[in-house]
Amino acid sequence: MTDTPTRQHRPVTTLARSLPPWSLLTAGAVAGGLLGGTYGLVRTPEYTATSYVVAVPTAKSDTATALGFAQAYGRVAPQLAVLGDAPVWAGVPVRTLQDSVRTATSPDAPMVAVTATSARPDLAADIANAVARALTRHAEDAERSTHVELRQFARALPPAEPSSATASVTGLVGASAGGLLGGLALLVRPRRAADQAGPPAAVPGPAVAADAHGQL
């Protein structure tokens with residue numbers, strides 16, 4: 001009864017040993033490419049739109065102050081207190097707006113980039129413009145104390161193409177990952193019996209054996 005698992009395992013081991021080395025690499029690359037390409041086809045495409053606002057110093061401020069407040073406004077832009085009526089203008093819930101919006105600032109220019117991502121190109125532009133508008137409104141309310149105002153620099157436009165990776169790109173990534181896994185499987189696969197066998201043991205000839213017997 002104990003020989004059954006061993007007998008069932010031997011054909012699999014023999015088959016793995018008999019495969020050529022390149023077969024695992026090819027199989028892994030093909031399987032990974034198919035999976036990656038399928039993922040790229042079935043996933044929902046994402047569109048990205050960006051709106052820009054610029055911080056402008058008033059007569060009681062300077063460029064360095066505007067640059068500092070641009071950095072601050074970029075950090076607080078997704079906050080609920082700053083968003084204001086942006087969810088109403090964009091027509092999306094607050095949670096959706098916060099999850100889809102990212103801001104970026106530059107250490108050299110007093111500018112804030114508001115980027116929104118959505119499955120619809122027009123909605124991505126609407127969200128980015130709504131957040132930029134809310135940000136300028138918030139800066140306008142605080143202008144007396146900050147002496148800095150935010151102005152619309154460039155409105156977001158609906159993107160013509162999705163920003164997410166295409167099926168060909170995801171297929172290439174999957175093929176690369178599959179080939180890598182195939183190479184790792186090639187390293188750990190069972191070796192052939194010819195490779196595992198060591199050099200044959202040396203057997204003394206009859207004359208050497210007789211001399212050794214005589215000396216004893």
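Which residues make a nonpolar surface patch of about 350 Å²? The legends below answer that and then visit other parts of this predicted model.

**Figure 1. A nonpolar patch on the surface.** Meet the three leucines L181, L184 and L187, which together make a nonpolar surface patch of about 350 Å². One of them, L184, lies in helix α9, which covers residues 167–188. L184 has a relative accessibility of 46%, so it counts as partly exposed: the value falls between the cut-offs of 20% and 50%.

**Figure 2. The whole protein chain at a glance.** Before zooming in again, let's take stock of the chain. Its secondary structure comes to 11 helices and 4 strands. The chain has 216 residues, and 28% of them count as buried. Its accessible surface comes to about 13800 Å², with 62% of that belonging to carbon and sulfur atoms. Now look at contacts with a separation of 6 or more: 79% of them join residues that are 24 or more positions apart.

**Figure 3. Helix α3 and its buried face.** Helix α3 runs over residues 63–76, which makes 14 residues. From its first C-alpha to its last it reaches 20 Å, close to the 20 Å expected at 1.5 Å a residue. Which residues of α3 are buried? They are A66, A70, Q71, Y73 and G74. Seen down the axis of α3, these buried residues fall within an arc of 165 degrees, so they line one face of the helix. On the other side of α3, you will find A64 and R75, which are exposed. The buried residues of α3 have plenty to pack against, including the strands β1 (47–57), β2 (101–105), β3 (111–118) and β4 (148–154). The helices α7 (121–141) and α8 (143–146) are also among their packing partners.

**Figure 4. A closer look at A66 in helix α3.** Is A66 buried or exposed? Its relative accessibility is 0%, so A66 counts as buried. Leaving out residues up to four places away in sequence, A66 touches A55, V56, P57, S61, P110 and V148. Take V148 as an example: A66 and V148 are 82 residues apart in sequence, yet their C-alpha atoms are 5.9 Å apart in space.

**Figure 5. N129 and its contacts.** Our last stop is N129, found in helix α7. With a relative accessibility of 9%, N129 is under the 20% cut-off, so it counts as buried. What does N129 contact, leaving aside its neighbours within four places in sequence? Its partners are S51, Q152, R155 and A156.

Note on methods. Residues numbered from 1 in each chain as written. Predicted model: local features only at pLDDT ≥ 70, side-chain atom pairs only at ≥ 80, totals over all residues. Heavy atoms only, no water. Patch = residues over 30% accessible without salt bridge, like charges linked within 9 Å, V, L, I, M, F, W, Y side chains within 5 Å. Areas by Shrake-Rupley, 256 points an atom, 1.4 Å probe, with all protein chains shown as cover. Salt bridge = Lys/Arg side-chain N within 4 Å of Asp/Glu carboxyl O. Helix = DSSP H or I, 4+ residues; strand = E, 2+ residues; numbered from the N terminus. Buried < 20%, exposed > 50% of the residue type's maximum accessible area, 1.4 Å probe, protein only. Expected span 1.5 Å × (residues − 1). Arc of directions from axis to C-beta. Contact = heavy atoms within 4.5 Å.
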